[in-house]
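Work through the exercises below with the structure in view. Try each task before reading its solution.

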Amino acid sequence: MELPFAESWKIKMVEPIRKSTRQERQQWLEEADYNVFQLRADQVYIDLLTDSGTGAMSDRQWAAMMTGDESYAGARSFFRLKDTISRLTGFEYVIPTHQGRAAENVLFSHLVKEGDIVPGNSHFDTTKGHIESRRATALDCTVDEARDTQLEVPFKGNVDVAKLEKALEQYHDRIPFIIVTITNNTAGGQPVSLENLRQVRRVADKWGKRVIFDSARFAENAYFIKTREEGQQDRTIKDIVREIFSLADAMTMSAKKDGIVNMGGFIATRHEDWYEGAKRFCIPFEGYLTYGGMNGRDMDALAVGLDENTEFDNLQTRIHQVEYLAKRLDEFGIPYQRPAGGHAIFVDASKVLTHVPKEEFPAQTLTVELYLEAGIRGCEIGYILADRDPVTRENRFGGLDLLRLAIPRRVYTDNHMDVIAVALKNVYDRRESITRGVKIIWEAELMRHFTVKLRPAGEE
Ligand code: F0G
């Protein structure tokens, strides 16, 4: 008999988590204005808010922390991090930042100006925010297939090359660079194929443009290339990663995801002019160039994390768990963005809460219902997160309306996945009785989902 699959690690340290009653959760939710970001972590049983900064570090990462060099300038930790990044990506210049959006802020301060257009595949909300706050436009050129959650295609995160070409024909004077997000978080943690990255490179070269990869989940993307793309099966993850970055001019990185650290990020590039330009903004915004917002010890933990998470076994364990949850949802017929993404399952709320009008935010309503059901905290990646159109100030209802269940790395067991699946099934079974959603009573102008205040629709 073939041995079943099991994790490529064992557990050395545990952290207790607590269940609550439905009555408690109802009260906490009201106090939190129906926004799960406003809950206290202790009010959550299984926390799927994000896979960002929530992973479990390995014994080797903890050991590396003890070797951290906290010198203000020229710390050994910086050079260990820089050497690791250069070895993995081929990029010579590295600027640490305190997290991914800080990398965007520093680099875009140099590159993006009013009136610019930045084409790419579903820019993440902070990326979009850093573009739009500079009065520039983030132009989404994702493949149309990503909009149909039930379509099973291997690389749903891809850039539509025809749309990209058209953007360049129309706006080439106003395009400072192209940005490709790997994996494509907003479209459901969907990967981008190596072939697609090569095509983007060809278009960029034709128009003399540079390409940035938003690389928060680049290792998971490499895993999908190895396991799904023709001719890639025999390569190592590190070999694929090297080729991925050979196709880019720079990367912004939220190290809180595939770096498996709790805080950190960086910019890396092969171009001295971009490095020089970004340097000017790193010092005032983040800190001196060899720490840029990170502790020495955290840079050491990150160097080890990057090395570990570009190994096949670690990634296989991770993605196997996400796929396990997907299989459980399949048993119950619960619709999600197919196939399962790298870091999360994105439940298609518009297909679950069919009786809740879009003006009452079905995905946010489903997020609230899942929390009430079992203390599980997911995250709306839908109409609230989409913010308003910066010009018309109308809600943007054009995209998908999803409940994201992001799985932290190396944190929960498959038993927790079973709890999540059954809790969601219980909500799914009573979906027809959920006819009203939520209404906004207060919102911020940009990135409103973090602080938005909501009430049940229909209540005074
Ligand atoms: N790019 C992508 C693709 C991301 O998913 C994120 C963060 C960022 C950039 C910004 O990085 O948080 O370190 O500043 N995503 C988190 C999430 C917040 O939950 O998906 P950051």
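The exercises that follow concern a predicted model.

**Exercise 1. The chain as a whole**

Task: State how many helices and strands the chain has, and decide from its radius of gyration whether the chain agrees or disagrees with a compact globule.

Solution.
- Step 1. The secondary structure comes to 15 helices and 14 strands.
- Step 2. A compact globule of 460 residues would have a radius of gyration near 23 Å.
- Step 3. The chain has 21 Å, so the value agrees with that of a compact globule.
- Step 4. Along the principal axes, the C-alpha atoms fill a box of roughly 60 × 55 × 45 Å.
- Step 5. Of the 460 residues, 59% count as buried.

**Exercise 2. The ligand and its shell**

Task: Find which residues come nearest to the ligand, and describe the residues of the shell around the ligand.

Solution.
- Step 1. There are 16 residues around the ligand, and R101, D214, S254, K257 and R404 come nearest.
- Step 2. The shell divides into one nonpolar, eight polar and seven charged residues.
- Step 3. Helix α4, residues 100–111, gives the most to this shell, with three residues.
- Step 4. Now take the polar atoms. An oxygen atom of the ligand is 2.8 Å from a polar backbone atom of G100.
- Step 5. A nitrogen atom of the ligand lies 2.7 Å from an N or O atom in the side chain of D214.
- Step 6. For R404, a polar side-chain atom is 2.7 Å from an oxygen atom of the ligand.
- Step 7. Taken alone the ligand exposes 470 Å², and the protein buries 94% of that.

**Exercise 3. The strand that holds R404**

Task: Decide whether the residues of strand β12 are buried or exposed, and find which strands are joined to β12.

Solution.
- Step 1. Strand β12 covers residues 402–406, and five of its five residues are buried, so the strand is largely enclosed by the rest of the structure.
- Step 2. In a regular strand, side chains alternate between the two faces of the sheet.
- Step 3. In β12, L402, R404 and A406 point one way, while L403 and L405 point the other way.
- Step 4. Strand β9, residues 344–348, runs antiparallel to β12 and is joined to it by five bridges. F346 stands opposite R404.
- Step 5. Strand β11, residues 379–381, is also antiparallel to β12, with three bridges. E380 stands opposite L403.

**Exercise 4. Backbone angles**

Task: Find where the cis peptide bonds at T183 and P339 lie, and where D33 and R410, with their positive phi, are placed.

Solution.
- Step 1. Most residues other than glycine have a negative phi, and most peptide bonds are trans.
- Step 2. A cis peptide bond joins I182 and T183, with omega about -15 degrees. T183 is in the loop between β5 and α7.
- Step 3. The bond from R338 to P339 is cis as well, with omega near -10 degrees. P339 is in the loop between α12 and β9.
- Step 4. D33 has a phi near 55 degrees and is in the loop between α1 and β1.
- Step 5. R410 has a phi of about 65 degrees and is in the loop between β12 and α15.
- Step 6. Buried means under 20% relative accessible area. D33 has 15%, so D33 is buried. R410 has 18%, so R410 is buried.

**Exercise 5. A side chain in helix α7**

Task: Decide whether N196 is buried or exposed, and find which backbone nitrogen lies 2.8 Å from its side chain.

Solution.
- Step 1. N196 is in helix α7, residues 194–207.
- Step 2. Its relative accessibility is 3%, so N196 counts as buried.
- Step 3. A polar atom of the N196 side chain lies 2.8 Å from the backbone nitrogen of V159.

Terms used. Residues numbered from 1 in each chain as written. Predicted model: local features only at pLDDT ≥ 70, side-chain atom pairs only at ≥ 80, totals over all residues. Heavy atoms only, no water. Near = heavy atom within 4 Å. Polar contact = N/O pair within 3.5 Å; in protein donor to acceptor, adjacent residues only side chain to side chain. Areas by Shrake-Rupley, 256 points an atom, 1.4 Å probe, with all protein chains shown as cover. Helix = DSSP H or I, 4+ residues; strand = E, 2+ residues; numbered from the N terminus. Nonpolar A, V, L, I, M, F, W, Y, C, P; charged D, E, K, R; others polar. Buried < 20%, exposed > 50% of the residue type's maximum accessible area, 1.4 Å probe, protein only. Pairing = 2+ DSSP bridges. Rg over C-alpha atoms; globule rule 2.2 N^0.38 Å.
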